[in-house]
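User: Could you take me through this structure? I would like to discuss how its parts pack together.
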Number of protein chains: 2
Amino acid sequence: MISTKLTGAVDIGGTKILVGLINQSDELLARRRVETLAEQGAENIIARTVLTLHELLQEIGASKEDLEVIGCSIPGPLDSKSGVVHFSPNLQWRNVPFVDLMQRLINVPVMIDDDAHCAALGEAWMGGARGKDCAVYVTISTGIGAGIVIGGKIYRGAHGSAGEIGHMTIEAAGPPCSCGNFGCFEALASGSAIASRARQAVIHGDQTDLSTFCDDPGQISAEHVVRAAESGDDVALRIIESAGNYAGIGLAAVASAYDPEIIIVGGGVVLSGSIMLQHARRSFRERAIFPLSSLIPIVPAALGEESSLWGAASLFSSMRR
Amino acid sequence: MISTKLTGAVDIGGTKILVGLINQSDELLARRRVETLAEQGAENIIARTVLTLHELLQEIGASKEDLEVIGCSIPGPLDSKSGVVHFSPNLQWRNVPFVDLMQRLINVPVMIDDDAHCAALGEAWMGGARGKDCAVYVTISTGIGAGIVIGGKIYRGAHGSAGEIGHMTIEAAGPPCSCGNFGCFEALASGSAIASRARQAVIHGDQTDLSTFCDDPGQISAEHVVRAAESGDDVALRIIESAGNYAGIGLAAVASAYDPEIIIVGGGVVLSGSIMLQHARRSFRERAIFPLSSLIPIVPAALGEESSLWGAASLFSSMRR
């Protein structure tokens with residue numbers, strides 16, 4: 001038998017859902033990864049998440065009564081007070097009353113927060129921002145956003161939008177962004193920016209092996225570009241270098257704004273040792289203001305793909321702080 | 001006779017020093033403006049400041065014993081803990097042990113902080129940020145910097161550099177900045193950027209009346225450009241419009257980073273009703289992320305040129321909070 005009082009941790013992403021059970025000694029006793037299947041809708045995702053929680057409880061010989069709380073990380077924007085997810089493009093959700101829906105299926109207190117906030121909380125609790133008074137977690141994924149830790153807590157701003165750094169302009173006359181603006185950090189350095197530039201290169205007939213990584217030019221993803229770059233494809237290398245340069249410029253703005261002890265980066269394209277991370281670091285050192293350029297380390301998330309899962313697990317305890 | 005326990009408030013700028021005396025009811029009992037005369041050195045400035053304090057005490061019938069503390073606003077970067085001003089280009093100061101030097105002349109506790117922090121504190125105490133949990137004061141002057149108020153306190157960051165927003169890149173391939181970088185907010189929207197563009201226009205032989213506002217093209221200041229624009233000069237109007245556009249882009253980045261309740265702008269070129277402020281507001285509404293574009297007001301400093309003076313007066317009490 002295990003100790004009672006378990007915390008359920010859930011990280012719902014566009015492609016996968018991570019579910020875990022954590023005990024009072026902060027040990028991850030069980031963990032499972034299931035597909036998101038966004039096309040089946042919010043209620044289906046929530047039901048499969050609850051089912052997975054039940055299976056994990058069974059797996060470790062615990063019962064539903066041992067589950068004290070559930071924390072969930074969800075791509076926002078969302079309202080953590082009302083428990084409603086306003087809009088989540090990757091999940092195709094609009095105004096989903098997530099907490100209500102989940103509590104109808106499992107009678108346990110549920111809290112939600114957005115993925116960047118959760119990742120920052122997770123890194124502050126168990127990862128690279130542990131013991132730091134001020135740290136910023138930057139996710140460079142399909143989009144770009146940040147979770148800001150000040151005094152060990154998430155700083156949300158007056159309207160819950162602090163850390164919307166993906167929409168800072170870094171090239172005033174740059175390419176259009178999904179937000180309607182031009183030259184945003186996200187429009188120049190995100191996974192979708194990388195994919196979009198690669199598609200244009202293939203359609204434009206540039207000399208590249210990108211099509212060997214993906215038959216349909218319209219389906220080329222940032223992951224394909226990263227793989228092509230790693231295999232030495234010049235066009236892919238140039239696209240990654242450009243995105244890395246802009247990432248460094250964006251991270252330099254993050255340094256100027258918040259002056260954190262550490263900037264933690266997460267997301268597939270900036271994995272440890274990646275070409276893009278190398279370019280981003282060099283560009284950051286060139287572009288950040290002295291002496292922050294040499295004082296603030298840029299490090300990949302210590303918890304890897306589990307930053308948001310641990311942050312979700314800490315939502316109830318971080319509220320009590 | 002007046003009540004005992006007075007606070008001395010000092011705002012040292014590149015061209016003028018403001019000195020004031022404030023009582024326990026937060027009333028400014030006396031105030032004087034003296035010239036800076038930076039070329040005479042730090043010790044001279046400090047001696048004249050102390051002399052002015054003595055004169056003001058006499059003016060209101062008080063004595064040195066009534067003066068409890070002195071707070072000073074100084075253009076940074078500086079170390080408020082050690083009381084040393086590391087570097088102040090406008091004052092031509094390097095490593096000036098300000099607090100020590102002043103306390104040798106007047107045996108009263110002295111605190112210093114940089115002008116953007118003081119202005120933010122002043123506006124939080126007595127001006128447009130009063131009662132706000134989160135506000136940003138942006139000074140658009142010779143340089144550009146910000147003081148950030150979070151939870152009613154100044155947020156300084158891990159190395160005292162939070163709010164160095166003048167060095168966020170907003171045009172990656174833009175003009176060179178004094179920091180060695182390119183396309184910084186400050187290189188595109190500050191008073192010195194405006195003056196520099198105007199000088200180039202005159203030297204380039206553009207059709208402009210700018211030279212009627214200043215004989216020597218090398219001496220044209222932002223103030224001359226503002227006056228020429230107000231009199232309808234096309235070149236000056238275009239320069240102010242461009243700087244205003246970039247100011248809006250920079251303020252949009254401030255909104256994305258901090259999501260404050262209010263952004264307060266100070267500095268000569270963005271005075272209430274100024275052409276530049278109008279352009280900056282329009283550009284902010286176009287460039288800031290929805291819904292912050294309509295939620296965050298951009299307002300000129302309520303305390304005008306006295307924001308930093310009031311902030312200096314609050315340095316001791318804000319430390320106690």
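Analyst: The following covers the relation of the chains, their contact and one pair of helices, all in a predicted model.

User: How is chain B placed relative to chain A?
Analyst: Chain B superposes on chain A after a rotation of 180° with 0.0 Å of shift along its axis, and the RMSD is 0.0 Å. That is the relation of a two-fold axis.

User: How many residues does each chain bring to the contact?
Analyst: Chain B contributes 31 residues and chain A contributes 31 residues.

User: And on the side of chain B, which elements give two or more residues?
Analyst: They are helix H8 (234-258) and helix H10 (292-295) of chain B. H8(B) gives the most, with 6 residues.

User: What is the chemical make-up of that side?
Analyst: The residues of chain B that touch chain A divide into 19 nonpolar, 7 polar and 5 charged.

User: Why say that the copies meet through the same surface?
Analyst: Because 100% of the interface residues of chain B are also interface residues in chain A.

User: Changing topic: within chain A, how do H7 and H8 cross?
Analyst: The axes of helix H7 (residues 222-230) and helix H8 (residues 234-258) of chain A come within 7 Å and cross at roughly 115°. The crossing of H7(A) past H8(A) is left-handed.

User: Which residues make that contact?
Analyst: H7(A) supplies Val225(A), Val226(A), Ala228(A) and Ala229(A), while H8(A) supplies Ala236(A), Leu237(A), Ile239(A) and Ile240(A).

User: How do those residues divide into nonpolar, polar and charged?
Analyst: The contact of H7(A) with H8(A) has 8 nonpolar residues, no polar and no charged.

Note on methods:
Residues numbered from 1 in each chain as written. Chains lettered and ligands numbered in written order. Predicted model: local features only at pLDDT ≥ 70, side-chain atom pairs only at ≥ 80, totals over all residues. Axes fitted to C-alpha atoms, helices over the stretch in contact; angles between N-to-C directions. Helix = DSSP H or I, 4+ residues; strand = E, 2+ residues; numbered from the N terminus. Left-handed = near helix turned anticlockwise from the far one by under 90°. Contact = placed C-beta atoms within 7 Å. Nonpolar A, V, L, I, M, F, W, Y, C, P; charged D, E, K, R; others polar. Least-squares fit on C-alpha atoms with pLDDT ≥ 70 in both.
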